[in-house]
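Got your viewer open? Get the chain on screen, switch to a cartoon view, and we'll walk through it one selection at a time.

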Amino acid sequence: MEAGMAGNTSSAATKMSSSLAKLQSLNGMFAIYKKKGPTSADVLNALKEALLKEAGVESSNPRKRRKQWLKMGHGGTLDSAASGVLVVGVGNGTKMLSSMLTGSKKYVAVGELGKATDTLDATGSVVLEKGFDHITRLELEEKLKSFTGDIMQVPPLFSALKKDGQRLSVLLKQGHKVEAKPARPVTVYSLTLQEFTPPLFTLDIECGGGFYVRSLVDELGKALASCAHVKDLVRTKQGPFTLQEHVLHEQQWTLEDILQALQPAQTPLVQNQQNPAPEEKPGPE
């Protein structure tokens, strides 16, 4: 009996060691689906927990243990209210994430005219209401032209940008007074109006690093002599990873699925050569 138990224990330990070794040998990048609600960091931690649990690693202090067992990072913050493609680097693949930050990204954004919020999206409090009946589809399409190409953009106050090591969004929630960051250069490769059913409108956006969709919609509302905020935001592409073809949903957060999806660290990723992106600034959408 005892010999049998010892054998089972030894077998389980060997299986855990093998699974963990495979997990720790991963080097490359892959994409996961981020749902609305959690932060990008929350999603990354949930992914780590799922993988370590599969490998048999349990910890009462998972945050600390995760850092010891598994090297992993993501390639650019996606707002908690947003969903879509989140690129993950594992092992030496974390060194490749800078290419994701600076590379091309695509979004589908639903904006709402007539209401501005303090966060520039639907999670915030309404701070201004203005009429929008005067806005036509043609006028909106015409205004989009001025937001295409190399432009200057002021980042939102509620963002992942930092002041003295603290995120601006955290400082604001703590009641601190925060000054807006200066406008900075960003690139918009394409910007098209897909739907216009006032007060809602839908935009297809392709942009470079450091671009904020929330700032775009806010500034667009002002340019139309009204106001607006982002009602819904989905990242449909980041670098070579697309929402339709590449993302792993939560039920696919397994070693086997990641091994199939992984782009190895030694393989250069094919970036959009027609649209070279500007140097990344911290805190994309």
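What follows is a tour of a predicted model, going from the whole chain to single residues and strands.

**Stop 1: the whole chain**

Start with everything selected. The cartoon should show 8 helices and 14 strands. There are 285 residues in the chain, and 46% of them count as buried. If you turn on the surface, you are looking at about 14300 Å² of accessible area, with 52% of that belonging to carbon and sulfur atoms. Now think about who touches whom: among contacts with a separation of 6 or more, 74% are between residues 24 or more positions apart.

**Stop 2: the largest core**

Next, select Phe 201, Leu 203, Ile 205, Phe 211 and Val 213. These belong to the largest nonpolar core, a set of 28 residues, and they touch the most other members. Which elements supply at least two residues each to this core? Color β4 (105-113), α5 (137-144), β10 (184-197), β11 (200-207), α7 (213-223) and β12 (228-238), and you have them. The biggest giver is β10, with 5 residues.

Then pick out Leu 26, Val 43, Leu 248 and Leu 262. They are among the 22 residues of a second core, separate from the one you just saw.

**Stop 3: helix α7**

Go back to α7 and show its side chains. It is largely enclosed by the rest of the structure, because 8 of its 11 residues are buried. The buried ones are Val 213, Arg 214, Ser 215, Leu 216, Val 217, Asp 218, Leu 220 and Gly 221. What do they pack against? Light up β4, α5, β7 (149-153), β10, β11 and β12 to see the surroundings of these buried residues. Before you leave, look just past the helix: α7 is followed by Ala 225, which has a positive phi near 60°.

**Stop 4: strand β4 and its partners**

Now select β4. With 7 of its 9 residues buried, this strand is also largely enclosed by the rest of the structure. Add β11 to the view: β4 and β11 pair antiparallel, over 8 bridges. One spot to zoom in on is Tyr 107, whose bridge partner in β11 is Ile 205. That Ile 205 is one of the residues you picked in the largest core.

Then add β12, which is joined to β4 by 9 bridges and also runs antiparallel to it. Here, try Glu 112, which has His 229 in β12 as its bridge partner.

**Stop 5: strand β1**

Move to β1, residues 28-34. Is this strand mostly covered or mostly open? Mostly covered: 6 of its 7 residues are buried. Two partners are worth selecting with it. Strand β3 (residues 83-90) is antiparallel to β1, with 7 bridges joining the two, and Tyr 33 stands opposite Val 85 there. Strand β14 (residues 263-264) is antiparallel to β1 as well, joined by 2 bridges. For that pairing, find Met 29 and its bridge partner Gln 263.

**Stop 6: Leu 97**

Keep Met 29 on screen and select Leu 97, which is found in helix α4 (residues 97-102). Leu 97 counts as buried because its relative accessible area is 8%, against a cut-off of under 20%. Beyond its neighbours within four places in sequence, Leu 97 is in contact with Met 29, Gly 73, His 74, Gly 75, Val 87, Val 88 and Gly 89. Try the distance tool on Leu 97 and Gly 73: these two are 24 residues apart in sequence, and their C-alpha atoms are 7.9 Å apart.

**Stop 7: Thr 119**

Find the loop between β5 (115-117) and β6 (126-129), where Thr 119 sits. Although Thr 119 lies in a loop, it is buried, at 9% relative accessibility. Its side chain makes polar contacts with two other side chains: Asp 121 at 2.6 Å and Thr 123 at 3.4 Å. Leaving out residues up to four places away in sequence, Thr 119 also touches Gly 124, Phe 158 and Arg 214. You met Arg 214 earlier, among the buried residues of α7.

**Stop 8: two cysteines**

Last, select Cys 207 and Cys 227. How accessible are they? Cys 207 is buried at 1% relative accessible area, and Cys 227 is buried at 3%. How many disulfides are there in this model? The count is 0.

Methods. Residues are numbered from 1 along each chain as its sequence is written. This is a predicted model: local features need pLDDT of at least 70, side-chain atom pairs count only at pLDDT 80 or more; totals for chains, interfaces and linings use all residues. Side-chain values use heavy atoms; hydrogens and water are left out. Helices (H or I, at least four residues) and strands (E, at least two) are DSSP runs, numbered from the N terminus. Buried means under 20% relative accessible area, exposed over 50%, partly exposed in between (1.4 Å probe, protein chains only). Contact means heavy atoms within 4.5 Å. Accessible areas come from the Shrake-Rupley method with a 1.4 Å probe; for residues, only the protein chains shown count as cover. A polar contact is a pair of N or O atoms within 3.5 Å; within protein, one must be able to donate a hydrogen and the other to accept it, and residues adjacent in sequence count only if both atoms are side-chain atoms. A nonpolar core is a set of buried Ala, Val, Leu, Ile, Met, Phe, Trp, Tyr and Cys residues joined through side-chain atoms within 4.5 Å. Two strands pair if DSSP finds at least two bridges between them. A disulfide is a pair of cysteine sulfur atoms within 2.5 Å.
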